[in-house]
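Please look over the sequence and the model shown here before reading on. The report below follows the chain through its sheet, a hairpin, its cores and its cysteines.

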Amino acid sequence: METRFENDYRVSKKYPCFVDYTEVDFFAGMPKLHYHPYYEFYFLISGQIKYYFLNKILTLKPGNVIIIKPNEAHRTVAIDNAQGFVYKRYTLNVDGSIVSKIRKYNKDISLCLNGDVLFFKDGFAELIETIEKIKAETEAYDIFCMSSVRNYVERILIELSNPRKCNIDKSAIRLGDLQIQEATEYIIHNYNKKIQLKECADLCLMSESNFTKKFHKTIGMNFKSYINCIRIEKACEILRNSELPISKIAEVVGYDDNCYFSSVFKKITGNTPKEFRDLSLKNEDDSQ
């Protein structure tokens, strides 16, 4: 199982914001690790879930908020003991151009964009009301809609950056998941090398078979697919920020075979490395 690139066409330059609400009696989790070219603000209202994000395995509770930047892989995972709870969440999906414009004149909002799990201790209901206002604006799209949406998004970012109302939640990392997290962190720091299953299993003090099962259950993909995911994520970063030849990028992220690199890249992102670079440059020009 590979990671999946998603480009929700409800989020675009013309329609740069979309709100999604989910309420279910039992949450089965996302089947695949995925990422997309826009921001996702995730607000958990009720229930409890695991969330894999920035190579951390997190446990979220009501009041937790995560902001996922474009092209950051993430996945929600059901918790076995969560049966019987009603799972409710909002996601606010925002094109990067909106966030970039806000950041240009309000530097303080960067405080909530560091990948931390946030806990909104005061005024969470009012925050949800603001999201519902954004939803109403986007559904009744007119010439004034985007100005209102941008103001509401800025208000949310200001609230999330306000330490009187919102704290970093350090309790989100559970002790029981630290073994697999240690393996993912090892892969992150050594992705450009040949990493063997056995060395990660040994690192976690587990047999290869037990490690394989727990890794797949926790992360949602097998060991090899995860390494490919991390390598391609790094390759995307280099493609966006450098003019390094594609053959060299393949080598830098750990692939000996340039053709195999391109094949894996297209399977994961839906584009060849050249197409990805061209699209990234075009999107950057459009946002300026």
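What follows describes selected features of this structure, with the terms explained where they come up.

The model is a predicted one, in which local features need pLDDT of at least 70 and side-chain atom pairs count only at pLDDT 80 or more, while totals for chains, interfaces and linings use all residues. Residues are numbered from 1 along each chain as its sequence is written, and side-chain values use heavy atoms, with hydrogens and water left out.

**The open sheet and its edge**

Helices (H or I, at least four residues) and strands (E, at least two) are DSSP runs numbered from the N terminus, and two strands pair if DSSP finds at least two bridges between them. By these rules, an open sheet of 6 strands, paired in antiparallel fashion, runs in the order β2-β9-β4-β7-β10-β11. Its edge strands are β2 and β11 (166-168), each of which pairs on one side only, and the twist from one strand to the next averages 25 degrees. Within this sheet, β7 (residues 64-68) and β10 (residues 118-120) run antiparallel and are joined by 2 bridges, with V65 standing opposite L118 in β10. Helix α2 (residues 124-139) lies across β2, β4 (39-46), β7, β9 (87-94) and β10, and runs at about 130 degrees to β4; axes are lines fitted to C-alpha atoms, for helices over the stretch in contact, and angles run from 0 to 180 degrees between N-to-C directions.

E23 belongs to strand β2 (residues 17-24). With a relative accessible area of 47%, E23 is partly exposed, given that buried means under 20% relative accessible area, exposed over 50% and partly exposed in between (1.4 Å probe, protein chains only). Leaving out residues up to four places away in sequence, E23 touches V86, Y87 and K88, where contact means heavy atoms within 4.5 Å. Although 23 residues separate E23 from S46 in sequence, their C-alpha atoms are 9.0 Å apart in space.

**A hairpin**

Strands β5 (residues 49-53) and β6 run antiparallel and are joined by 5 bridges, and the bridge partner of F53 in β6 is K56. The hairpin has 2 residues between the strands, and L54 takes a positive phi near 50 degrees. Strand β6 (residues 56-60) is largely enclosed by the rest of the structure, because 4 of its 5 residues are buried.

**Nonpolar cores**

A nonpolar core is a set of buried Ala, Val, Leu, Ile, Met, Phe, Trp, Tyr and Cys residues joined through side-chain atoms within 4.5 Å. The largest has 38 residues, and those with the most contacts inside it are I187, F211, I219, Y226, I232, F261 and F265. Among the elements that give two or more residues to this core are α4 (178-190), α6 (208-219) and α9 (258-269), whereas its largest share, 10 residues, comes from α7. Apart from this core lies another, of 32 residues, including Y90, V99, I102 and F124.

**Cysteines**

How many disulfides does the structure hold? There are 0 disulfides, a disulfide being a pair of cysteine sulfur atoms within 2.5 Å. Two cysteines are set out below.

| Cysteine | Nearest cysteine sulfur | Relative accessible area |
|---|---|---|
| C145 | C17, 8.1 Å | 0%, buried |
| C204 | C200, 6.8 Å | 2%, buried |

The sulfur of C145 cannot be counted in a bond because the closest cysteine sulfur, in C17, is too far away at 8.1 Å.
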